[in-house]
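Biologist: Can you pull up the model you were working on? I have a few short questions about it.
Modeller: Here it is.

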Amino acid sequence: MARPSKCRCICSMPQVTEFLPRGAVPEAGESVVLQVDELEAIRLLDYRGFTQEQCAARMNISRATVARIYEEGRRKVAQALVEGRGLRIAVSYTHLTLPTN
């Protein structure tokens with residue numbers, strides 16, 4: 001039996017949730033779906049320059065989980081770029097918490 005998922009702290013929800021290549025017509029099922037926690041890992045590690053340990057502490061998950069969701073998120077971004085597909089960010093609040101600062 002798998003362990004239940006921990007809530008992941010997401011600092012901010014994305015303002016834009018879909019990206020399409022210029023001239024592309026959005027069709028159902030064509031876009032690559034990036035989960036919001038994958039976007040948060042990419043944002044913290046690549047954009048903000050955090051280490052995996054700092055990212056894990058910020059998201060309230062283990063470093064191994066950060067590595068796994070980061071790798072999956074980067075794979076999805078690469079797939080969308082290489083295949084010329086849209087990229088949609090799935091905003092789901094099921095296992096997410098927003099900071100209470």
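Biologist: Is Ser31 buried or exposed?
Modeller: In this predicted model, Ser31 is buried, because its relative accessible area is 17% and buried means under 20%.

Biologist: Where is Ser31 found?
Modeller: Ser31 is in the loop between strand S2, residues 18–19, and strand S3, residues 32–35.

Biologist: And which residues does Ser31 touch?
Modeller: Leaving aside residues up to four places away in sequence, Ser31 touches Glu18, Leu20, Arg85, Gly86, Leu87 and Arg88.

Biologist: Let's go on to S3. Which residues are on its covered face?
Modeller: Val32 and Leu34 are on the covered face of S3. Val33 and Gln35 make up the uncovered one.

Biologist: What is the order of the strands in the open sheet?
Modeller: The order is S2-S4-S3, three strands with mixed pairing. S2 and S3 are at the edges with a single partner strand each, so each has one side without a neighbour in the sheet.

Biologist: Do S3 and S4 run parallel or antiparallel, and how many bridges join them?
Modeller: S3 and S4 run parallel, and four bridges join them. S4 covers residues 87–90. Val32 stands opposite Leu87 in S4, and Gln35 has Ala90 in S4 as its bridge partner.

Biologist: What about S2 and S4, parallel or antiparallel?
Modeller: S2 and S4 pair in the antiparallel sense, over two bridges. Phe19 stands opposite Leu87 in S4. Leu87 thus turns up again here, since Val32 also stands opposite Leu87.

Biologist: Now the helices. Which strands does H1 lie across?
Modeller: H1 lies across S3 and S4, and it runs at about 70 degrees to S3. Helix H3, residues 63–83, also packs on the sheet and touches S3 and S4. The direction of H3 makes about 155 degrees with that of S3.

Biologist: Which residues of H1 are buried?
Modeller: H1 spans residues 36–47, and its buried residues are Val36, Asp37, Glu38, Glu40, Ala41, Ile42, Leu44 and Leu45.

Biologist: Arg43 is in H1 too. Why does Arg43 count as partly exposed?
Modeller: Arg43 has a relative accessible area of 21%. Buried means under 20% and exposed means over 50%, so a value in between counts as partly exposed.

Biologist: What does Arg43 touch?
Modeller: Not counting residues up to four places away in sequence, Arg43 touches Cys11 and Arg48. Arg43 and Cys55 are twelve residues apart in sequence, and their C-alpha atoms are 9.5 Å apart in space.

Biologist: Which residue follows H1?
Modeller: Gly49 follows H1, and the phi of Gly49 is positive, near 75 degrees.

Biologist: Over to H3. Is Thr65 buried or exposed?
Modeller: Thr65 lies in helix H3. With a relative accessibility of 18%, Thr65 counts as buried. The C-alpha atoms of Thr65 and Gln52 are separated by 9.6 Å, and the two residues are 13 residues apart along the chain.

Biologist: What is the volume of the largest pocket?
Modeller: The largest pocket has a volume of about 260 Å³. It is lined by 16 residues, and the closest to its centre are Phe19, Leu34, Leu39, Val77 and Leu87.

Biologist: Which elements give two or more residues to the lining of the largest pocket?
Modeller: H1, H3 and S4 do.

Biologist: Last topic, the whole protein. How many helices and strands are there?
Modeller: There are three helices and five strands. Along the sequence, the pattern is β-β-β-α-α-α-β-β.

Biologist: What percentage of the residues in the protein is buried?
Modeller: Of the 101 residues in the protein, 33% are buried. The accessible surface is about 6800 Å², and carbon and sulfur atoms account for 52% of it.

Biologist: And of the contacts between residues at least 6 apart in sequence, what share joins residues at least 24 apart?
Modeller: That share is 75%.

Methods: Residues numbered from 1 in each chain as written. Predicted model: local features only at pLDDT ≥ 70, side-chain atom pairs only at ≥ 80, totals over all residues. Heavy atoms only, no water. Buried < 20%, exposed > 50% of the residue type's maximum accessible area, 1.4 Å probe, protein only. Contact = heavy atoms within 4.5 Å. Areas by Shrake-Rupley, 256 points an atom, 1.4 Å probe, with all protein chains shown as cover. Pairing = 2+ DSSP bridges. Axes fitted to C-alpha atoms, helices over the stretch in contact; angles between N-to-C directions. 1 Å grid on protein atoms, 1.4 Å probe; cavity = no way out; pocket = protein on both sides within 12 Å on 5 of 7 lines; lining within 4 Å. Points joined across faces, edges and corners; volume = space filled by probe spheres on them.
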